[in-house]
Amino acid sequence: MFSKHDLEKLSDKRWRLCHLYHIIDKRGHIGIFEPNDEQWELFERYEEKKKAGGEYGLREYILKDRQIGITTFHCLYYLDEVIFNRGRSAAIIAHDKDSLEKIFKKVKLAWEMMDPRIKPKASTENVRELEFKEIHSSIYI
């Protein structure tokens, strides 16, 4: 069971992003996600949009620099959205099948390595989608 202090932490999206989700880093090692400055900037932009009433349908068109982690950020941000907010759907669009598979691996790794006490059970788990019927949420690529 979670302590009151743990539950307070779990209510903080910023904390969750830095403590709950694993990624494969540039060296090929699995570790906890540590957002960089560009990722935090995007996080703040999204959170401001949500406060302004844009909670449903966050969209950003980003001229993407290579290797700064924008795709990884989106995978974790939206996975967190669907897990910690009932009744949510998230979609990430890829330009080709190979990219789709690489992107989904990021989502799936983060979900698979979550603490089992908070990890929702997937009712659908395939190469493009995770659906969580108990919380009426899903994420697909």
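A residue counts as buried when its relative accessible area is under 20%. Tyr46 has a relative accessibility of 1%, so Tyr46 falls in the buried class. The model that supplies these values is predicted, and the same cut-off serves for the other residues described below.

The protein chain contains five helices and six strands. From start to end, these elements follow the order α-α-β-β-α-α-β-α-β-β-β. The chain has 141 residues, and buried residues account for 39% of them. Its accessible surface is about 9,100 Å², with carbon and sulfur atoms holding 51% of that area. Contacts can also be sorted by separation in sequence: of those between residues at least 6 apart, 57% join residues at least 24 apart.

The interior comes next. The largest nonpolar core consists of 35 residues. Within this core, the residues with the most contacts are Tyr21, Leu79, Val107, Trp111, Leu130, Phe132 and Ile139. Two or more residues come from each of helix H3 (37–54), helix H4, helix H5 (97–112) and strand S5 (129–132). Of the contributors, H4 gives the most, with nine residues.

Leu79 is a useful place to see how the core residues meet. Leaving aside residues up to four places away in sequence, Leu79 touches Tyr21, Val107, Ala110, Trp111 and Ile139. Cys75 offers a second view, from a position in helix H4, which spans residues 70–84. The relative accessibility of Cys75 is 0%, so Cys75 is buried. With the same exclusion of sequence neighbours up to four places away, Cys75 touches Ile92, Ile103, Lys106, Val107 and Ile139. For one of these partners, Lys106, the separation in sequence is 31 residues, while the C-alpha atoms of Cys75 and Lys106 are 6.7 Å apart. Val107 and Ile139 appear in the contact list of Leu79 and also in that of Cys75.

The aromatic side chains can be read in a similar way. A pair of aromatic rings is described by the distance of the centres and the angle of the planes. Across the whole structure, a search finds eight aromatic pairs. One of them joins Phe43 and Tyr77 edge-to-face, with 6.1 Å between the centres and 75 degrees between the planes. Phe43 belongs to helix H3 and Tyr77 to helix H4, so this pair ties together parts that are 34 residues apart in sequence. Phe43 is buried at a relative accessible area of 5%, and Tyr77 is buried at 0%.

Tyr46 and Tyr78 form another pair, this one tilted, with 6.2 Å centre to centre and 40 degrees between the planes. This pair also links distant parts of the chain, with Tyr46 in helix H3 and Tyr78 in helix H4, 32 residues apart. Tyr46, the residue of the opening example, is buried at 1%; Tyr78 is buried too, with a relative accessible area of 12%. Ring pairs join Phe43, Tyr46, Tyr77 and Tyr78 with Trp40 and Phe73 into a cluster.

Two arginines complete the picture of the rings. Arg14 lies over the face of Trp40, 4.2 Å from the ring centre, and Trp40 is one of the residues in the aromatic cluster. The charged end of Arg16 sits over the ring of Phe84, at 4.2 Å from its centre.

How values were computed: Residues are numbered from 1 along each chain as its sequence is written. This is a predicted model: local features need pLDDT of at least 70, side-chain atom pairs count only at pLDDT 80 or more; totals for chains, interfaces and linings use all residues. Side-chain values use heavy atoms; hydrogens and water are left out. Helices (H or I, at least four residues) and strands (E, at least two) are DSSP runs, numbered from the N terminus. Buried means under 20% relative accessible area, exposed over 50%, partly exposed in between (1.4 Å probe, protein chains only). Contact means heavy atoms within 4.5 Å. Accessible areas come from the Shrake-Rupley method with a 1.4 Å probe; for residues, only the protein chains shown count as cover. A nonpolar core is a set of buried Ala, Val, Leu, Ile, Met, Phe, Trp, Tyr and Cys residues joined through side-chain atoms within 4.5 Å. Rings of Phe, Tyr and Trp (its six-membered ring) pair if their centres lie within 6.5 Å; planes under 30 degrees apart count as stacked, over 60 as edge-to-face and the rest as tilted. A charge sits over a ring if NZ of Lys or CZ of Arg is within 6 Å of the ring centre and within 35 degrees of the ring normal.
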